[in-house]
Amino acid sequence: MATTTYDSENIFAKILRGEIPCTRVYENDHALAFEDINPQAPTHVLVIPKGAYVSNDDFTARASDAEITGFFRAVGQVARELGLAKPGYRMLANTGQDGGQEVPHFHVHICGGRVLGRMVQPAA
Ligand code: 5GP
């Protein structure tokens, strides 16, 4: 069952409401993209749905087809507009506790601008 308890005071909800500033890079009807405040690569952008979804689990369980299409179109469009399509990039969505998700509003990270190395660090 999807996790659906949404905290409307999370930081990305505040960004969507314009209560906290962000460096916006792209927007469509269903998604907003902005620069990560603590970039892990030369380019590091977050793409978030405009709807109130906790995680990828929640989003893919409850969002409409239009929201899902609009969101993932935005992810691809942002990467193209940032010039990442040809050299390549990584998109990832930390999900829940084991996934290391810190902000409980679904988001996809787009990282690029250098060779990013292995996908996941080996377990210690
Ligand atoms: P998570 O660990 O949840 O997948 O990633 C959350 C991301 O949000 C982190 O990369 C963090 O740097 C970013 N972040 C946290 N607070 C803010 C903020 O206030 N503004 C922006 N632009 N990014 C933030």
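## An exposed residue before α1

At 71% relative accessibility, T5 counts as exposed, since the threshold for that class is over 50%. This value, like every other in this report, belongs to a predicted model. T5 is located in the segment that precedes α1. Between the C-alpha atoms of T5 and T23 the distance is 27 Å, with 18 residues separating the two in sequence.

## The ligand site

The ligand occupies the largest pocket. Around the ligand there are 16 residues, and those that come nearest are D36, N94, E102, H107 and H109. Sorted by class, the shell comprises 7 nonpolar, 6 polar and 3 charged residues.

Two secondary-structure elements, α1 (11-16) and β2 (31-35), each provide at least two residues of this shell. The largest share comes from α1, which contributes 3 residues.

## Polar atoms facing the ligand

Nitrogen atoms of the ligand are approached by backbone atoms of the protein at E35 and at I37. For E35, a backbone N or O atom lies 2.9 Å from a ligand nitrogen. For I37, a backbone N or O atom is found 3.3 Å from a nitrogen atom of the ligand. An oxygen atom of the ligand, in turn, has a polar side-chain atom of H107 at 2.8 Å. Taken alone, the ligand would expose 520 Å², and the protein buries 84% of that area.

H107 thus appears twice in the description of the site: among the residues that come nearest to the ligand, and as the source of the side-chain atom 2.8 Å from a ligand oxygen.

## H105 in the loop between α4 and β5

Which residues does the side chain of H105 contact or reach, Y6 and P49 being the candidates? The side chains of H105 and Y6 are joined by a polar contact of 2.5 Å. In addition, the H105 side chain reaches the backbone oxygen of P49 at 2.8 Å.

H105 itself is placed in the loop that connects α4 (96-99) with β5 (108-112). Is H105 buried or exposed? Its relative accessible area is 0%, so H105 is classed as buried, the limit for that class being under 20%.

## Buried residues in helices α2 and α3

D58 belongs to helix α2, which spans residues 56-62. Because its relative accessibility is 0%, D58 counts as buried. The side chain of D58 has a backbone partner, reaching the nitrogen of V54 at 2.8 Å.

F71 has its place in helix α3, formed by residues 65-81. With a relative accessible area of 0%, F71 is also buried. Along the chain, F71 and E27 are 44 residues apart, while their C-alpha atoms are separated by 9.7 Å.

How values were computed:
Residues numbered from 1 in each chain as written. Predicted model: local features only at pLDDT ≥ 70, side-chain atom pairs only at ≥ 80, totals over all residues. Heavy atoms only, no water. Near = heavy atom within 4 Å. Polar contact = N/O pair within 3.5 Å; in protein donor to acceptor, adjacent residues only side chain to side chain. Areas by Shrake-Rupley, 256 points an atom, 1.4 Å probe, with all protein chains shown as cover. 1 Å grid on protein atoms, 1.4 Å probe; cavity = no way out; pocket = protein on both sides within 12 Å on 5 of 7 lines; lining within 4 Å. Sits in = over half its atoms within 2 Å of the grid points. Helix = DSSP H or I, 4+ residues; strand = E, 2+ residues; numbered from the N terminus. Nonpolar A, V, L, I, M, F, W, Y, C, P; charged D, E, K, R; others polar. Buried < 20%, exposed > 50% of the residue type's maximum accessible area, 1.4 Å probe, protein only.
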